[in-house]
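Here is a set of exercises to work through with the model open beside you. Try each task yourself, then compare your steps with the solution.

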Amino acid sequence: MENKKSVSMFMARDIAVIGLMIALKVVLTRFLAVETQFVRVGFSFIPTILLAIMYGPWVGAFSGALADVAGFFLFPKGFAFSPGFTISAAVAPIIYGMILYRKPLTLKRIMMACLAVTVIVNVGMNSLWLRILYDQAFWGMLPIRLAQNIITLPIEVGIMYWVMKNASIRRAMKGYPIHWIN
């Protein structure tokens, strides 16, 4: 009797897509984001969410962490490396994946996922890492970070809703376990 293991194999296409999304996340984070010591505004959430939707929370987490580490070491910006931000880069796609992977992609679900990541990761965890890294007063920087996230949350939801409704993106993502809502 043959002992078979249930192993999920990635096709060459999957590895290429994951690699391209990691590269896109690095570029969007390192080159196309507005960044200060306490605030970063950019579009790196797009490949993060797409990976979580296409491959699930665990591939998304691995890809997010890898993109964070690779981006830091390939294109340092003068800020110190902190493993806390790598943890945040892994936790965000876990949250997105738990809410969006193999589930109907409704506006309500996209809003719920973006809100959860904003509260838990962007405002909560990242503010904690900044407090530890720069020894700044947590409650002093919190209003700035809250204001930034209150402004960017509806923008992120709107962009992701548009991305999910885009016919070209739907065609490109054909074959993935995505439950499109018309």
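**Exercise 1: Two annotated spans**

How far apart do the end C-alpha atoms of residues 79-101 lie, and what share of the span is helix? Then do the same for residues 45-67.

*Solution.* Keep in mind that this is a predicted model.

Step 1. In residues 79-101, the end C-alpha atoms are 33 Å apart. Helix makes up 78% of this span, and strand 0%.

Step 2. In residues 45-67, helix accounts for 96% and strand for 0%, with 12 Å between the end C-alpha atoms.

Step 3. Look at where the spans come from. An unreviewed UniProt entry lists both under "transmembrane region", along with residues 15-33, 113-134 and 146-164.

Step 4. Now place the helices on residues 45-67. Helix H2 covers residues 45-55, and helix H3 covers residues 57-74.

**Exercise 2: How H4 meets H2 and H3**

Find the angle and axis distance at which H2 packs with H4, and then at which H3 packs with H4. Classify each pair by direction.

*Solution.* Start with what to look for: two packed helices are described by the angle between their axes and the distance between the axes.

Step 1. For H2 and H4, the axes are 8 Å apart and the angle is about 50°. That angle makes H2 oblique to H4.

Step 2. For H3 and H4, the angle is about 155° and the axes are 7 Å apart. Angles over 145 degrees count as roughly antiparallel, so H3 and H4 are roughly antiparallel to each other.

Step 3. Add the handedness. H2 and H4 cross in a right-handed way, and the crossing of H3 and H4 is right-handed too.

**Exercise 3: The H5 and H6 pair**

Describe the packing of H5 and H6, then say which classes of residue make up their contact.

*Solution.*

Step 1. Helix H5 runs over residues 107-134 and helix H6 over residues 138-165. Their axes come within 9 Å and cross at roughly 150°.

Step 2. Because of that angle, H5 is roughly antiparallel to H6.

Step 3. The handedness of the H5 and H6 crossing is right-handed.

Step 4. Sorting the contact of H5 with H6 by class gives 17 nonpolar, five polar and two charged residues.

**Exercise 4: Rings that pair**

How many aromatic pairs does a search of the whole structure find? Examine two of them, and decide for each ring whether it is buried or partly exposed.

*Solution.*

Step 1. The search finds six aromatic pairs.

Step 2. One of them joins Phe-43 and Phe-45, in a tilted arrangement with 6.4 Å between centres and 40° between the planes. For the next part, recall that buried means under 20% relative accessible area. Phe-45 has 9%, so Phe-45 is buried, whereas Phe-43, at 39%, is partly exposed.

Step 3. Phe-72 and Phe-81 also form a tilted pair, with centres 5.0 Å apart and planes at 50°. Here Phe-72 is buried at 15% relative accessibility, and Phe-81 is partly exposed at 32%.

Step 4. Widen the view: ring pairs link Phe-72, Phe-73 and Phe-81 into a cluster.

**Exercise 5: Three residues to locate**

Find Asp-68, Arg-102 and Ala-137, and say where each is found.

*Solution.*

Step 1. Asp-68 is part of helix H3. With a relative accessible area of 18%, Asp-68 counts as buried. From Asp-68 to Ile-181 is 113 residues along the chain, and their C-alpha atoms are separated by 32 Å.

Step 2. Arg-102 sits in the loop between helix H4 (83-100) and H5. Check its backbone: phi of Arg-102 is near 60°, a positive value in a residue other than glycine.

Step 3. Ala-137 belongs to the loop between H5 and H6. Its relative accessible area is 54%, so Ala-137 is exposed. Ala-137 and Ser-127 are ten residues apart in sequence, and 10.0 Å separates their C-alpha atoms.

Terms used: Residues are numbered from 1 along each chain as its sequence is written. This is a predicted model: local features need pLDDT of at least 70, side-chain atom pairs count only at pLDDT 80 or more; totals for chains, interfaces and linings use all residues. Side-chain values use heavy atoms; hydrogens and water are left out. Rings of Phe, Tyr and Trp (its six-membered ring) pair if their centres lie within 6.5 Å; planes under 30 degrees apart count as stacked, over 60 as edge-to-face and the rest as tilted. Buried means under 20% relative accessible area, exposed over 50%, partly exposed in between (1.4 Å probe, protein chains only). Axes are lines fitted to C-alpha atoms, for helices over the stretch in contact, and angles run from 0 to 180 degrees between N-to-C directions. Helices (H or I, at least four residues) and strands (E, at least two) are DSSP runs, numbered from the N terminus. Angles under 35 degrees count as roughly parallel, over 145 as roughly antiparallel, 65 to 115 as roughly perpendicular and the rest as oblique. A crossing is left-handed if the near helix is turned anticlockwise from the far one by less than a right angle, and right-handed if clockwise. Ala, Val, Leu, Ile, Met, Phe, Trp, Tyr, Cys and Pro count as nonpolar, Asp, Glu, Lys and Arg as charged, and the others, Gly among them, as polar. UniProt positions are given in the numbering used here, feature names are shortened, and annotations may be inferred rather than shown by experiment.
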